[in-house]
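Please look over the sequence and the model shown below before reading the notes that follow, which are grouped by topic.

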Amino acid sequence: MHGRGATSAPPPTPSTQQSDNLLSTSASADALSRMLHRLPPTLSLPTLRAQAAMCPAIAAVSLSEARSNPALLPSQLGFFQLTDHFIPSQLADSAESEALSLFDLPREKKEACFPRSSSWPVGFEEGDEVDDGVDGLGESFCLDESCYTELSLASLRELSRGLEKVGLEMIELLCSSVGFENPLGKNDPSSTRFRSLMWVSEGLPGKSKSPVAGRFYPYVVGLQYQIRRGQKYSLLADSGWVSVLPQVESLLVTVGDIAQVWSNGKLKKVRGRPVACLGEGNNKSRCISMSLLVTLPIDTRICPLVPVAAINGGDHDHEDGSDRDGNEGDHQSSGGDEGEIEGRLFKSFCLEDYAWRVYHERLHFKDPLDIFRIKN
C-alpha cells in the first residue's frame, strides 16, 4: 500500500484467527473502535476513490405532496429532492457568501474562532495534502448554534434553522411512511432530543473525477440547498457511488444511517454527506458544500424502533427504545439482551463509539453498520 521509502506504517491488525471473535459482538467492536480512533494521525490509511455512476434522474416530491401523502417519499434510494419548500434562494446565496468568507480567514483565526473542543465534531478541520495522485479532503467547518456569534454569520444561521425545520418535518414524514412513531416527538420536538450540525466543506480540484470518502458523521437526515444550475454531487448510497444533478433551488435530502437502523432496514441510506463534483482534471474553480445534518445527542444508543401496529397491539416490551432515565417512547435503548427480539435486523449500539469510527475511517470497503447486523 505504501511506496518504497515510506516512513509510516499501517496500524497493527489482529490475526486472522482473532478477527471473527473481535467483531462477534457490538461490545467488542466498540472497544476496537475506541482503540483505532486514538491511533496517531500519521497511521491514517490513504483515501479510497471510486468512480461514481450517473443517476439518470432523482426522485422529486414537493413538500405539500409529502405532507398529504408521506408514502410518496422514496425509501429505496436513500435520497430525493424536495421542491416547493419555504427557503428563499436569496438566503442560500447570502449564506454561501458568508461560508466562503470563512475559508479566506488566516489559519490562526479559523482555529481560534472555531476550536476543536469537547463538543466534537464542532470546529475547524484542516484539509489534507494532495500527494502521489491521491485526492485529499479540503478544509471544513462543522457548526452548531453556538458558532454563529463568533463572526457575522446571520444568513448562515438563518439557513441552518430553515433547513433544520424542514429536516425535522422530513423525519416525521419518513417515520410515518414506514410505519413507526417519530422518536423525536411531534410538533416542535425538544432540542434535547436532537442535534443539528451545519457542515461547510471545501472541494479540492484533483487529478480525477472520483469522489473522496472521509469525515462521515452519523445522522438521521441531511439537507443541502441546490444553489446553482449544473452542480453535480456524488453520494455513497447502499448501491455504491452515484452522481446526481438536483434541480436548482431544490433541497437534496439524504437519509442517514440512524434512520436506516430506526426503520429496521426499510429505509435505504446515504453514507456521509454529498461530495461536490469539481469537473475535469485541472479545474481550479472554487466550490463549497453546505450540508445540514439532523443527528442525535452523542450519548444516545441507537436501535430499531417497533412498528406502530405492534405498539397498538400491546407488544412493546422495550422495543420502542427507552431514554437514559428509563422513560418510554424516546429514541434511546435501555439495553438488555441484544439480538433476542424477534424480527430485529440490527443490534443496539452506542452512537459515540460508532461516530468516532466512521469519522476517522478512510477506507469504506464495507458498510460500517454491518458489524451491528443480526445474522440469522
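**Briefing on the predicted model**

Asp 84 lies in the loop between strand S3 and helix H4 (89-103), where helices (H or I, at least four residues) and strands (E, at least two) are DSSP runs, numbered from the N terminus. This is a predicted model, in which local features need pLDDT of at least 70 and side-chain atom pairs count only at pLDDT 80 or more, while totals for chains, interfaces and linings use all residues. Residues are numbered from 1 along each chain as its sequence is written, and side-chain values use heavy atoms, with hydrogens and water left out.

**Backbone features in loops**

- Asp 84 has a positive phi of about 55° although it is not a glycine, and at 61% relative accessibility it counts as exposed; here buried means under 20% relative accessible area, exposed over 50%, and partly exposed in between (1.4 Å probe, protein chains only).
- Glu 249, found in the loop between strand S9 (240-244) and S10, is also not a glycine and has a positive phi of about 70°, and its relative accessibility of 44% makes it partly exposed.
- Pro 121 is in the loop between helix H5 (107-113) and strand S4 (123-125), and the peptide bond that leads to it from Trp 120 is cis, with omega near 10°.
- Asp 144 sits in the loop between strand S5 (140-143) and H6 and is buried, with a relative accessible area of 14%; Asp 144 and Pro 121 are 23 residues apart in sequence and 9.6 Å apart in space, C-alpha to C-alpha.

**Strand S3 and its neighbours**

- Five of the five residues of strand S3 (residues 79-83) are buried, so this strand is largely enclosed by the rest of the structure.
- In a regular strand the side chains alternate between the two faces of the sheet.
- Phe 79, Gln 81 and Thr 83 point one way from S3, whereas Phe 80 and Leu 82 point the other way, and all are buried.
- Strand S2 (residues 60-62) runs parallel to S3 and is joined to it by three bridges, two strands being taken as paired if DSSP finds at least two bridges between them; within this pair, Ser 62 stands opposite Thr 83.
- From S2 the chain passes through helix H3 (residues 63-68) to reach S3, and this β-α-β crossover is right-handed, a term that applies if, with the strands pointing away from the viewer, the path from the first strand over the helix to the second runs clockwise.
- S3 is also joined to strand S10 (residues 251-255) by four bridges, and these strands run antiparallel, with Leu 82 standing opposite Leu 251 in S10.

**Strand S6 and its partners**

- Seven of the eight residues of strand S6 (residues 195-202) are buried, so to speak of S6 as mostly covered fits the count.- S5 and S6 pair in the antiparallel sense over four bridges, and Cys 142 stands opposite Trp 199 in S6.
- S6 is joined to S12 by eight bridges, the two strands running antiparallel, and in S12 the bridge partner of Ser 201 is Ser 289.

**Helix H6**

- The 25 residues of helix H6 (residues 154-178) should span 36 Å at 1.5 Å a residue, and the end C-alpha atoms are 36 Å apart, which agrees; the expected span is 1.5 Å times one less than the number of residues.
- Just after H6, Gly 179 takes a positive phi of about 90°.

**Cavities**

- A search of the whole structure finds four cavities of 30 Å³ or more, a cavity being a set of points, on a 1 Å grid over the protein atoms alone, where a 1.4 Å probe fits but cannot get out, and lining residues having an atom within 4 Å of a point.
- About 110 Å³ of space lies in the largest cavity, where grid points are joined across faces, edges and corners and a volume is the space filled by probe spheres set on the points.
- Residues lining the largest cavity include Glu 96, Gln 224, Tyr 225, Arg 228, Tyr 233, Cys 287 and Ser 289, and S12 gives the most to this lining, with three residues.
- The lining of the largest cavity divides into six nonpolar, four polar and two charged residues; Ala, Val, Leu, Ile, Met, Phe, Trp, Tyr, Cys and Pro count as nonpolar, Asp, Glu, Lys and Arg as charged, and the others, Gly among them, as polar.
- The second largest cavity holds about 60 Å³ of space, and among the residues that line it are Phe 216, Tyr 217, Asp 257, Arg 271, Gly 272 and Tyr 354.
- Strand S11 (270-276) and helix H9 (351-360) are the elements that give two or more residues to the lining of the second largest cavity, which divides into eight nonpolar, one polar and two charged residues.

Methods. 1 Å grid on protein atoms, 1.4 Å probe; cavity = no way out; pocket = protein on both sides within 12 Å on 5 of 7 lines; lining within 4 Å.
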